[in-house]
Amino acid sequence: MSGTICLKPSQRPDRYPNGGDEAYWIARISDKLREDLEARGVTCIEDGEGSAFESCGLCLYLCSHSAPQEVEAKIKGAQVSHYEYSPAARRAAEVFTRYIKSVYPQPDLVETVPTAARKELSESKAPALLIQLGYHDNPQDEAWLVNSAMEIAAALAAAAADFLGAES
């Protein structure tokens, strides 16, 4: 398995109720994740960096999500989605779910979600995950994302190193 990760942090300008937006907070997590992975000998490639993108051992899409308006601020939790017909992606999702549960305040609200509907997951040559780190419209999830960004990044780095077999 390759020691290279393709990292695709969200660029969405969705505002967080208490300051910043999705692009800002996910970039903070992504920057720390990249730093932690590089310290472990794992190379990180950002979206759009050419043919090197084809040689990744894992592809991570990082974002937060928001609930539909009718249940806004009422639901919370994190999801790790993977292409349902990829055994490697399923294994990666299980590893990441375990590590996210270790830092999320309510581990029972972290779930692995198989899907065939996400094109970015089904068309990736490497195992690909869409990691939705909580609901930014939920006050508890937003506080966790903002106040635990470095802890979240460390857990994601440990999960990636575990999946890739890199040094811890």
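Here are legends for a few close-up views of this predicted model.

**View 1. The largest nonpolar core and its best-connected residues.** There are 38 residues in this core, and F96, I131, L133 and L156 have the most contacts inside it. Eight elements chip in with at least two residues each: strand 1 (4–9), helix 1 (22–39), strand 3 (58–65), strand 4 (78–83), helix 2 (87–101), strand 6 (128–135), helix 4 (139–147) and helix 5 (149–164). Helix 5 hands over the largest share, 10 residues.

**View 2. L133 and what it touches.** Skip the neighbours within four places in sequence, and L133 is still in contact with I26, I29, C63, S64, A78, I100, W144, L145, I152 and L156. L156, like L133, is one of the residues with the most contacts inside the largest core.

**View 3. A second core, separate from the largest one.** This one has nine residues, among them C56, C59, C63 and L121.

**View 4. Helix 1 packing on helix 5.** The two axes sit 8 Å apart, at an angle of about 45°. An angle like that falls between the roughly parallel and roughly perpendicular ranges, so helix 1 counts as oblique to helix 5. The crossing is right-handed.

**View 5. Who does the touching between helix 1 and helix 5.** On the helix 1 side, the contact uses R28, I29, K32, L33, D36 and L37. Helix 5 answers with A149, M150, I152, A153, A154, L156, A157, A160 and A161. Sorted by type, the contact residues come out as 12 nonpolar, three charged and no polar.

Note on methods
Residues are numbered from 1 along each chain as its sequence is written. This is a predicted model: local features need pLDDT of at least 70, side-chain atom pairs count only at pLDDT 80 or more; totals for chains, interfaces and linings use all residues. Side-chain values use heavy atoms; hydrogens and water are left out. A nonpolar core is a set of buried Ala, Val, Leu, Ile, Met, Phe, Trp, Tyr and Cys residues joined through side-chain atoms within 4.5 Å. Buried means under 20% relative accessible area, exposed over 50%, partly exposed in between (1.4 Å probe, protein chains only). Helices (H or I, at least four residues) and strands (E, at least two) are DSSP runs, numbered from the N terminus. Contact means heavy atoms within 4.5 Å. Axes are lines fitted to C-alpha atoms, for helices over the stretch in contact, and angles run from 0 to 180 degrees between N-to-C directions. Angles under 35 degrees count as roughly parallel, over 145 as roughly antiparallel, 65 to 115 as roughly perpendicular and the rest as oblique. A crossing is left-handed if the near helix is turned anticlockwise from the far one by less than a right angle, and right-handed if clockwise. Ala, Val, Leu, Ile, Met, Phe, Trp, Tyr, Cys and Pro count as nonpolar, Asp, Glu, Lys and Arg as charged, and the others, Gly among them, as polar.
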